[in-house]
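Let's take a friendly walk through a protein model, one region at a time. Keep the 3D view open beside you as you read.

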Amino acid sequence: MSEQSIETRCVQAGYTPGNGEPRQVPIVQSTTFKYDTSDAMGRLFDLEDTGYFYTRLQNPTNDHVAAKIASLEGGTAAMLTSSGQAANFFAVFNICEAGGHVVASSAIYGGTFNLLAHTLGKMGIECTFVDPNCTPEELDAAFRPNTKCVFGETIANPALAVLDIEKFATAAHAHGVPLIVDNTFPTPINCRPIEWGADIVTHSTTKYMDGHGACVGGAIVDSGKFDWMANAERFPGLTTPDESYHGIVYAEKFGQASAYITKATSQLMRDFGSIQSPQNAFYLNLGLESLHVRVPQHCKNARAVAEFLSTSDKVASVRYPDLPGDPYRKLAEKYLPNGSCGVVSFEVAGGREAAERFMAGLRVFAIETHVADARSCCLHPASSTHRQMTNDELVAAGISPAMVRMSCGIEGTDDLVADVEQALARV
Ligand SMILES: *Cc1c(COP(=O)(O)O)cnc(C)c1O
């Protein structure tokens, strides 16, 4: 399929019905699967045959949708997870255990920051955070002998920092570890990190991929490019026998193209659960069918809103990677030539109270903690997600009390700009 355009793959990849079979991906609403003999089922448990036995590990609906996402990202294998958080946890934990170390960009989603900084720490995995704009030498200095992977976000939520993927991939590979990139905000329509050297790509499919605010979900895609055997001592989980699977060596038995996802499925999904429900995978696939149509409209709307904001005297500052003069403009030109995402952040002149008045005046944008939905929404972190903090604490956390995060949906551009204009007039 991969020689077809990304538009065609959004619509058709991952599922090709045979003669007389359903045109739409069937929802296999079944926890379990029937076999004629115990021996036939035993071969599945030994990973000698491929097939389905229990939906906690794998389900055909999920596999069709995961195959579509693998195709869109240019990977060799993929799996769906119950959430973006589960995807990032599995992506790291699949190759990292107690005693291991992760290097991560400091500009990442708050939930992922907590996972890496606190929760993985309780499991004996340490993380060193680096400024995404650090020099190659500073990045190099963050590595340790026990480093297992590097983590970053193509466009950070909510900082809107663009990752220099090649810089991070070069450093990771020089130290014999893979680069994991969370590509939630640009989606594969605007950036495919594997083309720039990323080895593993993750998604919160809750955002643009679903795109309709319907289902929480996640995905992990393997590029199949990282040579585990060449770095065998660093990744014993993939390169030495798995005693919980009769001594299988994943990298030998399944090869570079599918060892990583097979291990994540047969070990982590087996032991931690976190499967996406087949019903949610079906909805996710409906979202993916129009991803290539929706993403450009999100970007068009965000660009128009950002440009309008940058001309208003009621606005202190605007951040959007496509704006001339944005600190990430150069990186966006390189990695996101067709546009970045639908999210714009800005500071209302007049501080926290002015921002609250602006939010109260909006009619089309709704106040939500969500982003990347077909419906426009917005958030004032200082009065919601971060409301327990004082103004001084907010500034220390890099969040201005007057900062508003706007997630531009796919409504009419003029309606969104007009809504922002009338709400600013009330400030
Ligand atoms: C929302 C988000 C997540 C977490 O995903 P959930 O589906 O909410 O668990 C991870 N990374 C990024 C970039 C996100 O925006």
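Start with strand β2, which has cover on both of its faces: His101, Val103 and Ser105 on one side are buried, and so are Val102 and Ala104 on the other. In other words, five of the five residues in this strand (residues 101-105) are buried. Before going further, please keep in mind that this is a predicted model.

Who is the neighbour of β2? Strand β3 (residues 126-130) pairs with β2 in the parallel sense, over five bridges. To find one spot along this pairing, look for Ser105, which stands opposite Val130 in β3.

**A second place to look at strands**

Now turn to an open sheet of five strands, with the order β8-β9-β12-β11-β10 and mixed pairing. Its edge strands are β8 (315-319) and β10 (366-367), each of which pairs on one side only. Strands of a sheet are held in pairs by backbone hydrogen bonds, and they can be parallel or antiparallel. For β8, the partner is strand β9 (residues 343-348); the two run antiparallel and are joined by four bridges. Try finding Val315 in your view: its bridge partner in β9 is Val348.

**Around the ligand**

Next comes the ligand. There are 16 residues around the ligand, and Asn157, Asp182, Ser204, Thr206 and Lys207 come nearest. By kind, the shell divides into three nonpolar, 10 polar and three charged residues. Helix α4 (residues 84-93) gives the largest share of this shell, with three residues.

Some of the distances to oxygen atoms of the ligand are worth tracing on screen:

| Residue | Part of the residue | Distance to a ligand oxygen atom |
|---|---|---|
| Gly84 | backbone N or O atom | 2.9 Å |
| Ser204 | polar side-chain atom | 2.8 Å |
| Lys207 | side-chain N or O atom | 2.7 Å |

How much of the ligand does the protein cover? On its own, the ligand has 380 Å² of accessible area, and the protein covers 92% of this.

**Thr184 and its surroundings**

Two of the residues that come nearest to the ligand, Asp182 and Ser204, turn up again when you look at Thr184. You will find Thr184 in the loop between β5 (179-182) and α8 (187-190). Is Thr184 buried or exposed? Its relative accessible area is 7%, and buried means under 20%, so Thr184 is buried.

The side chain of Thr184 makes a polar contact of 2.6 Å with the side chain of Asp182. A polar atom of the Thr184 side chain also lies 2.8 Å from the backbone nitrogen of Ser204. Leaving out residues up to four places away in sequence, Thr184 touches Thr202, His203, Ser204, Lys207 and Tyr208.

**Pro278, a residue with partners from far along the chain**

The last stop is Pro278, in helix α12 (residues 278-289). Its relative accessibility is 8%, so Pro278 counts as buried too, with the cut-off at under 20%. What does Pro278 touch? Not counting residues up to four places away in sequence, Pro278 touches Ile27, Val28, Thr55, Asn59, Thr61 and Asn62. Here is one more pair to find in your view: Pro278 and Gln58 are 220 residues apart in sequence, while their C-alpha atoms are 9.7 Å apart in space.

Key. Residues numbered from 1 in each chain as written. Predicted model: local features only at pLDDT ≥ 70, side-chain atom pairs only at ≥ 80, totals over all residues. Heavy atoms only, no water. Buried < 20%, exposed > 50% of the residue type's maximum accessible area, 1.4 Å probe, protein only. Polar contact = N/O pair within 3.5 Å; in protein donor to acceptor, adjacent residues only side chain to side chain. Contact = heavy atoms within 4.5 Å. Near = heavy atom within 4 Å. Areas by Shrake-Rupley, 256 points an atom, 1.4 Å probe, with all protein chains shown as cover. Nonpolar A, V, L, I, M, F, W, Y, C, P; charged D, E, K, R; others polar. Pairing = 2+ DSSP bridges.
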